[in-house]
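Thanks for coming. I have one structure to go through, and I will keep to strands and a few residues. Please have the picture up while I talk.

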Amino acid sequence: MSLARISAAFILAAALSLTAVAEAGTINSNLQIEAGKTFELGGGQEGGFVVTGTNTGPVAVVVLGQREGSAPEVRGTVQPGGKIDAKFAAGEMALLRNTSGQQMARLKLKVTGDTSSLGMTYSANP
């Protein structure tokens, strides 16, 4: 079997695994956020979701919520070793912002609730 076929099979298996996890209503992640970046989760989903976990990295992470057409609202700051427990409403986006311009942020997260249609992306910090 060629390397291209192996890679395609692996990607398909990973996609199916992620779908099964999302359909079950739970996403587990060892999230890394590059220096100067914000992880964006959700926005436009029909139901709410909850993000829980621990900051396992060396830098603080600011947790914000943003409804469509509104400015982001700070929910709190999670220091290294600290816990996160934040609820987001239907259509609301969770923003996890790395406060460092030099170091990677790391979080061990569990996302529950309406996870079947959550978009995920990164953006530069404002």
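I start with M120. Apart from its neighbours within four places in sequence, M120 is in contact with I27, F39, E40 and L41. Before I go further, note that this is a predicted model.

Where does M120 sit? Its place is in strand β9, which covers residues 120-124. Is M120 buried, partly exposed or exposed? Its relative accessible area is 45%, and M120 is partly exposed because that value falls between the 20% limit for buried and the 50% limit for exposed.

One of those contacts, L41, is also a pairing partner: the bridge partner of L41 in β9 is M120. The strands involved are β2, residues 37-42, and β9, and they pair in the antiparallel sense over 5 bridges. There is a distance to add here. M120 and G43 are 77 residues apart along the chain, and their C-alpha atoms are separated by 9.2 Å.

Now the sheet around that pair. In what order do its strands run? It is an open sheet of 5 strands, in the order β5-β4-β7-β2-β9, and the pairing is antiparallel. At the edges are β5, residues 73-78, and β9, each of which pairs on one side only. Direction ignored, neighbouring strands of this sheet are turned by 25 degrees against each other on average. As background for reading the picture, side chains in a regular strand alternate between the two faces of the sheet.

Next, strand β3, residues 49-55. Which strands does β3 pair with here? One is β6, residues 83-88, joined to β3 by 6 bridges and running antiparallel to it. Another is β8, also antiparallel to β3, with 7 bridges between them. G53 appears in both pairings: its bridge partner in β6 is I84, and in β8 G53 stands opposite L109.

The last residue is S100. S100 is found in the loop between β7, residues 93-98, and β8, residues 105-113. Is S100 buried or exposed? Its relative accessibility is 12%, so S100 counts as buried, the limit being under 20%. What does S100 touch, leaving aside neighbours within four places in sequence? Its contacts are A35, G36 and V59.

To recap the two residues: M120 in β9 is partly exposed, whereas S100, in the loop between β7 and β8, is buried. That is what I have.

Key. Residues numbered from 1 in each chain as written. Predicted model: local features only at pLDDT ≥ 70, side-chain atom pairs only at ≥ 80, totals over all residues. Heavy atoms only, no water. Helix = DSSP H or I, 4+ residues; strand = E, 2+ residues; numbered from the N terminus. Buried < 20%, exposed > 50% of the residue type's maximum accessible area, 1.4 Å probe, protein only. Contact = heavy atoms within 4.5 Å. Pairing = 2+ DSSP bridges. Axes fitted to C-alpha atoms, helices over the stretch in contact; angles between N-to-C directions.
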